[in-house]
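Look over the structure below before reading on. The text then takes its parts in turn.

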Amino acid sequence: MHAWPPSTVPVLPGQSPELSVHDTATGGRVTLVPGPVARIYVCGITPYDATHMGHAATYTAFDLVQRLWLDTGREVRYVQNVTDIDDPLLERAAATGEDWTALAERETSLFREDMTALRILPPAAYVGAVESIPHIVPVIERLRELGAAYDVDGDTYFSVEADDHFGGVSHYDASVMRALSAERGGDPDRPGKKNPLDPLLWRAARPGEPSWDGASLGPGRPGWHIECVSIALDHLGMGFDIQGGGSDLVFPHHEMGASHAQVLTGEHPFAAGYVHAGMVAYEGEKMSKSKGNLVLVSRLRAAGVDPAAIRLALLAHHYRSDWEWTDAVLDGAVRRLDRWRAAVSRPDGPPADGLVDALRAALADDLDAPAALAVVDRWAAAQEAEGGADIGAPGVVSRAVDALLGVAL
Ligand code: ZN
């Protein structure tokens, strides 16, 4: 599957310090020191509806990671999936009468347009679930050989008890796990399972549902967690640097993914850091497709909102916080963008020595984008109040904001 076009990233003199991030699995900070190629997997969309501000906030957060690592002089191997076959997609298609493949293609195209407009750097590998099925099937067969998978009426389940480290990502207790499993696509109450938490690996073909050749598993389609694991192992291998996504993926998705991979390889951990972005609310509730309270990137773009202002609105909130999208948030971002653009459009300004390093330090400190914005705010305020005689400064600021924050001034 193809991704979206990259925006150019100016190369700045010097380099960022190593990224220190909050790691869900350890509950504390980890300083990640990737090899020459930094490896990150961020879970992608299920394309049954358009990109909302919650998605945009998550992908913007991980875009900062990619930009910071590029600024350390590394190559970045960023992998993202598209869950282009799963229950929500089929349910939406059935509800609207649309062909599920047409729905998936349309919403994936719209997602690419939104990501391009927001200047999110594309993943090096953008991989669909459907195209991955020939790779996923042998992975599930391997779990069966290892005794970590079993059959329930033709469907194949993973046994969470096969992984000694199970629970090591979320650290939730069994009752919380069970509640979240029921809420987020699991089936803890299905009879015949060894453990109520065991997730589906392969769903046998059902009448009226699409299915694919599953070799010894029989025709069917893959579960969501094994999809991501198969793609991540194919493209990144074990022990990559960051597994990322929204905080609603901590359990079961990232917990199960880690267990699948750890049983498959006999190695631990799946990822050096588990990084999770907060949820964005709107009108008092978490923004979600199921609740229908969505602020869509595409709708704001169609209304003439500058995507750079949307990006600044997202960056004004720390990625780990839960926050609420309001008109005032967007208005504030529009004003900030205007101030910054006015400041860099002048021929000279106050010295920008130290500004680049201050931006780098803010981002390396658990992606503190609000602190980074404050650094640029201070320079722009000084420019407005006193001007300055440094001929190179506006260019330095403009390039740094572009490279590190992804905002074109
Ligand atoms: Zn995933």
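**A cavity, a zinc site and three strands**

The lining of the largest cavity contains 11 nonpolar residues, 6 polar residues and no charged ones. The model shown here is predicted. It holds 1 cavity of 30 Å³ or more, and the space in the largest cavity comes to about 140 Å³. The lining is made up of 17 residues, and those closest to the centre of the cavity are Ala57, Ala61, Leu314, His317 and Tyr319.

Which elements give two or more residues to this lining? They are helix H1, spanning 53-71, and helix H9, spanning 307-315. H1 supplies the largest share, with 5 residues. The lining also draws on two domains: at least three residues come from each of domain 1 (20-282) and domain 2 (295-405).

Next, find the zinc ion. Its protein donors are the SG atom of Cys43, the SG atom of Cys228 and the NE2 atom of His253, and they lie 2.0 to 2.1 Å from the ion. Along the sequence, the spacing of these donor residues is C-x184-C-x24-H. Cys43 sits in the loop between strand S3 (37-42) and H1, while Cys228 belongs to helix H6 (residues 224-235), so the pair ties together parts that are 185 residues apart in sequence.

Are the two cysteines buried or exposed? A residue counts as buried when its relative accessible area is under 20%. Cys43 has a relative accessibility of 4%, so Cys43 is buried. Cys228 also has a relative accessible area of 4% and is therefore buried.

The last part to follow is a set of paired strands. Strand S6 (residues 149-152) and strand S7 (residues 155-158) run antiparallel and are joined by 4 bridges. One pairing to look for is that of Val152 with Asp155 in S7. The hairpin of S6 and S7 has 2 residues between the strands, and Asp153 takes a positive phi near 50° in this hairpin.

S7 is also joined to strand S8 (residues 200-204), by 2 bridges, and these strands run antiparallel. Here the bridge partner of Thr156 is Trp202 in S8.

What covers the two faces of S7 can be read from its side chains: Asp155 and Tyr157 are on one side, Thr156 and Phe158 are on the other, and all are buried. Both faces of S7 are thus covered.

Definitions and conventions
Residues numbered from 1 in each chain as written. Predicted model: local features only at pLDDT ≥ 70, side-chain atom pairs only at ≥ 80, totals over all residues. Heavy atoms only, no water. 1 Å grid on protein atoms, 1.4 Å probe; cavity = no way out; pocket = protein on both sides within 12 Å on 5 of 7 lines; lining within 4 Å. Points joined across faces, edges and corners; volume = space filled by probe spheres on them. Nonpolar A, V, L, I, M, F, W, Y, C, P; charged D, E, K, R; others polar. Domains from an automatic or database assignment. Donors = N, O, S within 2.8 Å, 3.2 Å for Na, K, Ca; no water. Buried < 20%, exposed > 50% of the residue type's maximum accessible area, 1.4 Å probe, protein only. Pairing = 2+ DSSP bridges.
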